[in-house]
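Reader: I'm new to reading protein models, and I keep tripping over the labels people use. Could you go through this one with me and tell me where the labels come from?

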Amino acid sequence: MLVLGIETTCDETACSVVRDGEEILSNIIASQSHEAYGGVYPEMAARQHVDLIIPVVKQAMEGIDKVDLIAVAKGPGLIGPLLIGLNAAKALSLGWEIPFVGVNHVEAHLYAAMMKAPKIFPALGVVASGGHTFLVKIRDVGHYEVVGTTVDDAVGEAFDKVATLLGLPYPGGPHIEKLAKRGNPERFLFRAGRIKGRPYDFSFSGLKTNVLYQVKGQNGNRKSEALISEEEKADVAASFQETALSDVARKAKKAALEWECRALYVGGGVSQNQRLRELLEGDVPVFFPSKGLCLDNAAMIAGLGYQVYRGQGDPLDLEPQTRIPLSSMRG
Ligand code: KG4
Ligand code: ZN
């Protein structure tokens, strides 16, 4: 079964064709540049999706006559961008006379780690991206129990904000990782948040404030001048990265032990980070998305679409969902 995936939740216009949920035949990603704005500008992102969606679909379909199903990210994400992807999926579904299914973008990040990997359950799933940070117990593909989530920022968002404080470009995660290689992770004592009675939840907003004060002085604000040297910036990057990623890895490993998980599957943009990969190594095998599947992409959407399709597509009045509660991933 060939599935065409469409991903437009944020600033990537992506399209991919995947066979039987595993074999990627094409994986096209057109990334927009929002670097000049230090973040994604939603209205502009939506307009760029309009321009890019048809060329990207055409490119993904090159050399492929027809597909059997369309899978589209229905959310969570930005409303304008989501509407473009969903309407493209509906139009293609009508034109090609094939069904379409809407899938959850964050569940697809998790599936990216399971794609082409042995499926060893029960497992612990970790999603660490720019918009989401959570842990789930995986009983099977599509069957999850949420164990913990962030009460404020996502871990990738914390990387992006700290990068801005250090004067690095957006998105900041890869720049922090690079700078951290030259720094001393023990130089500054930063702390990730703890939530009373909720050992698997995350909080990164206090950590971000630790960094702010270290860089711009006690009670400094985001617009103040940085007061530290270039060398100290590398130490800040290293200390921040170590604190944030150790927190994710420690909670994930503890949860895996508690629920007797036999494997770990880790997805989302932050799963590209080599230090996170090292920190997660332990007693059970750890699976990460293969190259090109950590960041937003449509192969994970097509793959998950194949897994959730039960012979019946979604109705044409399916609405995008800017937020989807994690509890809806229970199954
Ligand atoms: O999964 P993704 O493409 O988008 C969301 O659905 O959010 O993740 C993007 C996030 C950004 O916050 C980016 O800074 C972060 O992933 N990221 C990283 C690295 N590469 C990307 N964070 C830490 N280290 C990296 N190497
Ligand atoms: Zn994403």
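**Labels and the values behind them**

Author: Sure, and keep in mind that this is a predicted model. Let's start with a proline: Pro76 sits in the loop between β4 (69-75) and α2.

Reader: What makes the peptide bond from glycine 75 to proline 76 cis?

Author: Look at omega, which is near -5° for the bond from Gly75 to Pro76. There is a second cis peptide bond, joining Tyr170 and Pro171, with omega about -10°. Pro171 belongs to the loop between α4 (155-165) and α5 (173-180). As a rule, most peptide bonds are trans.

Reader: What is there to notice about the phi of glutamate 97?

Author: Its sign. Phi of Glu97 is near 55°, which is positive, and the residue is not a glycine. Most residues other than glycine have a negative phi. Glu260 is also a non-glycine residue with a positive phi, about 50°.

Reader: Where are glutamate 97 and glutamate 260 found?

Author: Both are in loops: Glu97 in the one between α2 and β5, Glu260 in the one between α7 (230-258) and β9 (264-267).

Reader: And why is glutamate 97 called exposed?

Author: Exposed means over 50% relative accessible area. Glu97 has 71%, so the label fits. Glu260 has 64%, so it is exposed too. As for what lies across from Glu97, its C-alpha is 9.5 Å from that of Leu69, with their positions 28 residues apart in sequence.

Reader: How do you know that serine 31 counts as exposed?

Author: Run the same test: the cut-off is over 50%, and Ser31 has 53%, so it is exposed. Ser31 is part of strand β3 (residues 23-31). Its C-alpha is 6.5 Å from that of Asp11, and the two are 20 residues apart in sequence.

Reader: Now the opposite label. Why does glycine 85 count as buried?

Author: Buried means under 20% relative accessible area. Gly85 has 0%, so it counts as buried. You'll find Gly85 in helix α2 (residues 79-96). Thr8 is 77 residues away from Gly85 along the chain, yet their C-alpha atoms are separated by 5.4 Å.

Reader: Let's move to the metal. Which residues coordinate the zinc ion (ligand 2)?

Author: His105 and His109, each through NE2, and Asp296 through OD, at 2.0 to 2.1 Å. Along the chain, the donors follow the spacing H-x3-H-x186-D. His105 is in helix α3 (residues 105-114) and Asp296 is in the loop between β10 (286-287) and α9, so this pair ties together parts that are 191 residues apart in sequence.

Reader: What makes the arrangement around the zinc ion tetrahedral?

Author: Four donors count as tetrahedral if all angles lie between 85 and 135 degrees. The four donor atoms here subtend angles of 94 to 128°, so the arrangement is tetrahedral.

Reader: Are histidine 105 and aspartate 296 buried or exposed?

Author: Use the under 20% cut-off again. His105 has 5% relative accessibility, so it counts as buried. Asp296 has 15%, so it is buried as well.

Reader: What about glutamate 107: why is that one called buried?

Author: Its relative accessibility is 10%, so Glu107 counts as buried. Glu107 lies in helix α3. Its C-alpha is 20 Å from that of Gln312, and the two are 205 residues apart in sequence.

Reader: What is the volume of the second largest pocket, and which residues are closest to its centre?

Author: The volume is about 360 Å³. Of the 19 lining residues, Asn104, Glu107, Gly142, Val308 and Ser328 are the closest to the centre. To picture how empty space is found, imagine rolling a probe the size of a water molecule over the atoms.

Reader: Which elements supply the lining of that second largest pocket?

Author: β5 (100-104), β8 (143-149) and α9 (299-308) each supply at least two residues. The largest share, four residues, comes from β5. Domain 1 (2-110 + 292-329) and domain 2 (118-287) each contribute at least three residues to the lining.

Reader: And how do the residues of the lining divide by type?

Author: Eight are nonpolar, six polar and five charged in the second largest pocket's lining.

Definitions and conventions:
Residues are numbered from 1 along each chain as its sequence is written. Chains are lettered from A and ligands numbered from 1 in the order in which they are written. This is a predicted model: local features need pLDDT of at least 70, side-chain atom pairs count only at pLDDT 80 or more; totals for chains, interfaces and linings use all residues. Side-chain values use heavy atoms; hydrogens and water are left out. On a 1 Å grid over the protein atoms alone, a cavity is a set of points where a 1.4 Å probe fits but cannot get out, and a pocket is an open set with protein on both sides within 12 Å along at least five of seven lines; lining residues have an atom within 4 Å of a point. Grid points are joined across faces, edges and corners, and a volume is the space filled by probe spheres set on the points. Ala, Val, Leu, Ile, Met, Phe, Trp, Tyr, Cys and Pro count as nonpolar, Asp, Glu, Lys and Arg as charged, and the others, Gly among them, as polar. Domain bounds come from an automatic or database domain assignment. Donors are N, O and S atoms within 2.8 Å of the metal (3.2 Å for Na, K and Ca); water is not among the atoms, so sites may look incomplete. Four donors count as tetrahedral if all angles lie between 85 and 135 degrees; four count as square planar and six as octahedral if opposite donors are over 155 degrees apart and all others between 65 and 115; anything else is irregular. Buried means under 20% relative accessible area, exposed over 50%, partly exposed in between (1.4 Å probe, protein chains only).
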